[in-house]
Amino acid sequence: SHEWFIEFGEQPNDLEEFKTTLDLKMRAQNSYYDDLIVGKILQPLVLSQVPQNGFKQYMKTIGKLGGQNKLPRLSNDRKIAQVLEQL
């Protein structure tokens, strides 16, 4: 499955509805992703909420807090996820 870590400025009223809408939009934009979901090769989207300033805290823990450093958008392992889950 794809797991998205999201830090909301303003939390949606219904997280489950937000997740469903996001997944449907991703499937509409990417037919390959949709095929993987329909074929049950991938599980539906997993959404994990990051606490306020969680991404900044993560960057600080790895010594990369600052404007010239960017948080990786994609990862094939769970190293970043494991830290974010502990926040």
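His2 lies in the segment before β1, and in this predicted model the residue is a convenient place to enter the fold. With a relative accessibility of 35%, His2 counts as partly exposed, because that value falls between the 20% limit for buried residues and the 50% limit for exposed ones. Once its neighbours within four places in sequence are set aside, His2 is in contact with Met26, Tyr33, Leu42, Leu45 and Val46. Gln29 offers a further point of reference, since the C-alpha atoms of His2 and Gln29 are 15 Å apart in space, with their positions 27 residues apart in sequence.

From His2 the chain can be viewed as a whole. The protein chain contains four helices and two strands, and their order along the sequence is β-α-α-β-α-α. Taken along the principal axes, the C-alpha atoms fill a box of roughly 40 × 30 × 25 Å. Of the 87 residues, 23% count as buried, while the chain exposes about 6800 Å², with carbon and sulfur atoms supplying 49% of that area. When contacts between residues at least 6 apart in sequence are considered, 61% of them join residues at least 24 apart. The charged side chains number 11 positive and 11 negative, and the centres of these two sets lie 10 Å apart.

Strand β1, residues 3–6, contains Trp4. Like His2, which is partly exposed at 35%, Trp4 is partly exposed, here with a relative accessible area of 32%. Beyond its sequence neighbours within four places, Trp4 is in contact with Leu22, Met26, Leu45, Val46, Leu47 and Ser48. Looking much further along the chain, one finds Lys79, which is 75 residues from Trp4 in sequence and separated from Trp4 by 14 Å between C-alpha atoms.

One of the residues that Trp4 touches, Ser48, has its place in strand β2, which covers residues 46–49. Ser48 is buried, because its relative accessible area of 17% is under the 20% cut-off. With neighbours within four places in sequence left out, the contacts of Ser48 are Glu3, Trp4, Phe5 and Ile6. The Glu3 contact includes a polar one, in which the side chain of Ser48 meets the side chain of Glu3 at 2.7 Å.

Gln49 is also found in strand β2, but its relative accessible area of 37% makes the residue partly exposed. Aside from neighbours within four places in sequence, Gln49 is in contact with Ile6, Phe8, Gln11 and Leu15. The side chains of Gln49 and Gln11 make a polar contact at 3.1 Å. As for Phe8, its C-alpha atom is 7.7 Å from that of Gln49, although the two residues are 41 apart in sequence.

Phe8 leads in turn to the interior. The largest nonpolar core has ten residues, namely Ile6, Phe8, Leu22, Met26, Tyr33, Leu36, Ile37, Leu42, Leu45 and Leu47. Helices α1 (15–29) and α2 (31–38) each supply at least two residues of this core, and α2 gives the most, with three. Several of its members have already appeared above, for Met26, Tyr33, Leu42 and Leu45 are among the contacts of His2, and Leu22, Met26, Leu45 and Leu47 are among those of Trp4. Leaving out its neighbours within four places in sequence, Phe8 is in contact with Leu15, Phe18, Gln49 and Gln52. Apart from the largest core lies another core, of seven residues, including Phe5, Val50, Tyr58 and Met59.

Two loop residues remain to be considered for their backbone angles. Lys40 has its place in the loop between α2 and β2, and this residue shows a positive phi of about 60° although it is not a glycine. Lys40 counts as exposed because its relative accessibility is 71%, which is over the 50% cut-off. Asn53 sits in the loop between β2 and α3 (54–61), and its phi, near 65°, is likewise a positive value in a residue other than glycine. The accessibility of Asn53 falls in another class, however, because a relative accessible area of 40% makes this residue partly exposed.

Technical notes. Residues numbered from 1 in each chain as written. Predicted model: local features only at pLDDT ≥ 70, side-chain atom pairs only at ≥ 80, totals over all residues. Heavy atoms only, no water. Core = buried A, V, L, I, M, F, W, Y, C linked by side-chain atoms within 4.5 Å. Buried < 20%, exposed > 50% of the residue type's maximum accessible area, 1.4 Å probe, protein only. Contact = heavy atoms within 4.5 Å. Areas by Shrake-Rupley, 256 points an atom, 1.4 Å probe, with all protein chains shown as cover. Lys, Arg positive; Asp, Glu negative; His and termini not counted. Charge placed at Lys NZ, Arg CZ, Asp CG, Glu CD. Polar contact = N/O pair within 3.5 Å; in protein donor to acceptor, adjacent residues only side chain to side chain.
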